[in-house]
Amino acid sequence: MRPIIAFIKKEFHHLLRDRQTLLILLGMPIVQIIIFGFALTNEVKNSRIAVMDLSKDVYSRSLLDQVEASRYFDIEREVNSYSELESAFRKGKIRMALVIPVNFEKDLEHQHRAAIQVIADASDPNVASTLTNYASAIVRDFQSGITDNKILPLTIQTELRMMYNPQLKGAYNFVPGVMAMVLMLVCTLMTAITVVREKERGTMEILLVSPMRPYTIMLAKAIPSLVLSIVNVASILLLSVFVLDVPVNGSLPLLLMESVLFTLTCLAFGLLISASTDSQQTAMFISLTGMFLPTLMLSGFMFPIENMPFPLQMVSNIVPAKWYYQVVKNVMIKGVGLEEVWKETLILGGMMVLLMALAIKKFKIRLA
Amino acid sequence: MQEGNVIEVEDLTKRFGDFTAVDKISFAVKQGEIFGFLGANGAGKTTAMRMLIGLSKPSSGEAKVAGFDVYRENEQIKNNIGYMSQKFSLYEDLTVKENIRFYAGIYGKSDQFIKEKTSIILKQLHMEEQANNLVVSLPLGWKQKLAFSVAVFHEPRIVFLDEPTGGVDPVTRREFWQMIYKAADKGITVFVTTHYMDEAEYCHRVSIMVDGRIEALDNPAALKKRFNARNMEEVFLKLARGAKRAE
């Protein structure tokens, strides 16, 4: 036991002495949560729009008041012609426009139907469709307001209920994503780099000549990353509960256990990388392309996996972060227990064992 | 294994594909001896040494280190040797004391042993005041002396030194060799590769490798006599002139 304790102590000396790196490793999750929580968001708020009200009657006024009152839209300007509208779109001043034709109120009153036009800047298709959805919803609201006291022949009301995330907060989606990303970065990158650094400095040879067994070296390298990861998980969870109001609905021990499992998988991957290369730069490059990009793109955090072409869906299955992300989402947001996520857990466990075995084998071969 | 020998090598060979880096070398080293392992760059001396310390597997031949077989008893060998590599091998972001503690720790030494011996060594090196300084702040000569002390800290039977004095000034080199003598006096066998020929004079016995083979092996005086040379430099040049491998 003595050798491994001496080794772990040494690793902590390295870690604590390099303040800059430590600050990055501990600060990264906090910065990411803050950036995702407050700056990067795909919720659409206060979009600038233009209105062209050619009717200027009571109904059109009250519809526009409702639009203005919603937190989604700011009426940037009122225009009187399509050419003005177009120029506003071109200059990027507005993202959407509402056109209310002449005789809006009259048409409603006499023909019981009127049309309004919604024009959106679809150069960003997601924002455009979100905005038009909001606009249609406001129009529907307005319509039910004015038909309150009139009986319509047939109506179907859709009642919407957003399960697990009634306020449609983006945080419910990105907190699990950030957890997967941070753990992956810290564990894979840090582990790979600390091992490769020993090779670069020439200290690895001394270690291999010493009676330390290769697996004890690997274990000693893994423990500081593991500790750091647990600290990071804790800080992410604290921030999400107390700052972003994202609750931990499921069992906290289960969530932590799954995080440790994912951490070990990433550690194993880092060790495998370090056994395959001798330079810190290469290790960093492999970690980023081999783990970071797939995590970002194929875990389902940024882009829904169901929408991907079939081959990519297949590829996403070998990305550990995909499974971890699903587990965290299910446990944290939906509050399910192990009986609902045992499959994902098993897959992660299998990946961990496989990667660890490969890493140990590769490490030994390098010794011969 | 013959009485008094700590290293015995018989026809030891290492091939990398078609290239024979070490070609059937045989020699023996006695307990407490300072054994110089000389050769031009590329002659195969580092490869030979790496086979003895278990970093590289021999292609054929026999070798015993501290009485243990290099093929089968690697772990026992590791417990009995110390090693100082060509590359500077201390952790620069750790303090002098932390380095000593770490290396002693991975050899499983007790806290008591480490504590007592650390203060002895710091005193010998006149580095008591630097004990808590980062190694990066020390001059190169000090680092090398400290690295040697660390390599013999766990009191191994044999210490392997791979060009330990590269880039060190002459005064420090002399001090370094005084440390080597002290270690040999205590019964530690010293196996040292070098390409400083004046250092070869300090060794009890010297082997000179050319193109993967040992071309000469004797004490410096006998070698000088045999090659009719004034110093080891001449001996070496006469032998190395026949080398076919480019540097």
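The following exercises, each with a worked solution, concern a predicted model and its chains A and B.

**Exercise 1.** Describe the extent of the contact between chain A and chain B, and state which elements of chain A give two or more residues to it.

*Solution.* Begin with the residues: the contact takes 25 from chain A and 32 from chain B. Next, consider the area, for about 2500 Å² is buried between the two chains, and carbon and sulfur atoms give 60% of this. Then turn to polar pairing, where twelve residue pairs, both partners at pLDDT 80 or more, are found in polar contact across the interface of chain A and chain B. On the side of chain A that touches chain B, the elements giving two or more residues are helix 1 (2-17), helix 7 (171-201) and helix 8 (203-209) of chain A. Of these, helix 1 of chain A supplies the largest share, with eight residues. Finally, sorting that side of chain A by residue class yields eleven nonpolar, five polar and nine charged residues.

**Exercise 2.** Find how many salt bridges the structure holds over all chains, and examine one across the interface and one within chain A.

*Solution.* Side chains of opposite charge can pair when their charged atoms come close. Over all chains the structure holds 26 salt bridges, and the rule finds five across the interface of chain A and chain B. An example that joins the two chains is the pair B:Arg50 and A:Glu205, at 2.3 Å from N to O, which falls within the 4 Å cut-off. For the pair in chain A, take A:Glu78 and A:Arg61, whose side chains meet at 3.6 Å, N to O. Because A:Glu78 lies in strand 2 (residues 73-78) and A:Arg61 in helix 3 (residues 58-69) of chain A, this pair ties together parts that are 17 residues apart in sequence.

**Exercise 3.** Identify the residues that make the nonpolar surface patch of about 620 Å², and the element that gives the most to it.

*Solution.* The patch is made by A:Ile30, A:Ile34, A:Phe38, A:Leu238, A:Phe242 and A:Val243. Assigning residues to elements, helix 2 (19-39) and helix 9 (214-242) of chain A each give two or more, and A:Leu238 lies in helix 9 of chain A. The most comes from helix 2 of chain A, with three residues.

Definitions and conventions:
Residues are numbered from 1 along each chain as its sequence is written. Chains are lettered from A and ligands numbered from 1 in the order in which they are written. This is a predicted model: local features need pLDDT of at least 70, side-chain atom pairs count only at pLDDT 80 or more; totals for chains, interfaces and linings use all residues. Side-chain values use heavy atoms; hydrogens and water are left out. Contact means heavy atoms within 4.5 Å. Buried area is the accessible area (1.4 Å probe) that two parts lose on being put together, summed over both. A polar contact is a pair of N or O atoms within 3.5 Å; within protein, one must be able to donate a hydrogen and the other to accept it, and residues adjacent in sequence count only if both atoms are side-chain atoms. Helices (H or I, at least four residues) and strands (E, at least two) are DSSP runs, numbered from the N terminus. Ala, Val, Leu, Ile, Met, Phe, Trp, Tyr, Cys and Pro count as nonpolar, Asp, Glu, Lys and Arg as charged, and the others, Gly among them, as polar. Patches are made of residues with over 30% relative accessible area and no salt bridge: like charges are joined within 9 Å, nonpolar side chains (Val, Leu, Ile, Met, Phe, Trp, Tyr) within 5 Å. Accessible areas come from the Shrake-Rupley method with a 1.4 Å probe; for residues, only the protein chains shown count as cover.
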